[in-house]
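Here are a few exercises to work through with the model open beside you. Try each task before reading its solution.

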Amino acid sequence: MAVMTMREALNAALFQEMRRDPTVIVLGEDVSGGAGGTSGTRDAAGGIFGVTKGLIHEFGADRVIDTPISESCIVGAANGAALAGLRPVAELMFADFVGVSLDQIYNQMAKFRYMFGGRARTPAVIRMSMGAGMNAAAQHSQTVYAMLTAIPGLKVVVPSNPADAKGLLASAIRDDDPVMFLEHKALYSRKGEVPDGDYATPFGEAALLREGEHVTVVALARMVGFAERAIDKLAAEGITCDLIDPRTTSPLDEDTILESVVNTGRLVIVDESPPRCSLAADIAAIVAHKGFSSLKGPIIPVTPPHTPVPFARELERAWVPSPERIEAAIRDAMKAG
């Protein structure tokens, strides 16, 4: 297997799917140009994070389309293209700006299949970067997957490593329903092994990354790596944990989480979104409803405080859940039962 960054894995998935299916198009700000300025050189950047680099040279300007700086325009165009038979992959630079296009997402693409009696397909993917840790301040650092997961009709993907990023993006592009694809910007340069060739990772199947007997830990995106550090440290003391990465929040693999809680009796959920109405709150409610009899003690969420993301480096570090906080939560869980 090749070793790639998440940025390279996403780029490979786009090449793979655009070669496989001529109806796949890419659109967004600077996806075919960027940083060329007045030099006339296109593809100097390949989008703000370099994920679309190189596409313009192989697929041309009819399939790799620069758009105005307007999220509602980008998503609206993706809606129309999908309804007309294409498979658009739209890029919003920052997930924080999804609100600008929320009517196109919330009131339109999410509902087409239902409003037209199942006769309309909307095979559109909206890619967006998310997450804190880059000192990008309150309007460029949020995680919005909980908000999008709450919208019926959308599928929501949150990869944590390069292999899943490639496989899940392939599945997203092949899906006939709208998919929100959220990429943590702090993971773009993270390297990992990526299977060779054409593959797609199915939605609704969580990854069991560690196996243990004392505590179930559920973590998403960047928090997966933090949870791994905490769990590996505790393993040296004889405290072992299941670590589950849901990978998709809609559909959510409830069975894997519930089966693990049956075995461990304890649950810690690590979620970078703020605590109110978060994924941590959602998963806690599911387990409390369907797996209450298995619990030996309270479910423990590890989240940021209910505030916007701070800009100051020291405050942002304190805001983001840390491996030390996850370790402390697991120790607290061990006190029960």
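A residue counts as buried under 20% relative accessible area, exposed over 50%, and partly exposed in between (1.4 Å probe, protein chains only). This is a predicted model, where local features need pLDDT of at least 70 and side-chain atom pairs count only at pLDDT 80 or more, while totals for chains, interfaces and linings use all residues. Residues are numbered from 1 along each chain as its sequence is written, and side-chain values use heavy atoms, with hydrogens and water left out.

**Exercise 1.** Find Ala-84 and decide: is Ala-84 buried or exposed?

*Solution.* Start with the location: Ala-84 sits in the loop between α3 (71-83) and β4 (87-94). Helices (H or I, at least four residues) and strands (E, at least two) are DSSP runs, numbered from the N terminus. Next, take the relative accessible area, which is 67%, so Ala-84 is exposed. Finally, look across to Thr-122: 38 residues separate the two along the chain, and their C-alpha atoms are 9.0 Å apart.

**Exercise 2.** Work out the strand order of the open sheet that holds β9, and name its edges.

*Solution.* Two strands pair if DSSP finds at least two bridges between them. The 5 strands then line up as β9-β11-β10-β13-β14, with mixed pairing. β9 (207-210) and β14 are the edges; each has a single partner strand, so one side of each lacks a neighbour in the sheet.

Now check the pairs. β9 and β11 (residues 241-245) run antiparallel, joined by 3 bridges; Leu-208 stands opposite Ile-244 and Arg-210 opposite Leu-243. On the other pairing, β10 and β11 are parallel over 4 bridges, and Thr-216 has Asp-242 as its bridge partner.

**Exercise 3.** How many residues of β11 are buried?

*Solution.* Count along the strand: 5 of the 5 are buried, so β11 is largely enclosed by the rest of the structure. Then sort them by face: Cys-241, Leu-243 and Asp-245 lie on one side, with Asp-242 and Ile-244 on the other.

**Exercise 4.** Which residues of α10 are buried, and how are they arranged around the axis?

*Solution.* Begin with the helix itself: α10 (residues 279-290) has 12 residues and spans 16 Å from first C-alpha to last. Its buried residues are Leu-279, Ala-280, Ile-283, Ala-284, Ile-286 and Val-287. They cover an arc of only 160° around the axis (taken from the directions from the axis to the C-beta atoms), which puts them on the same side of α10.

Conventions:
Expected span 1.5 Å × (residues − 1).
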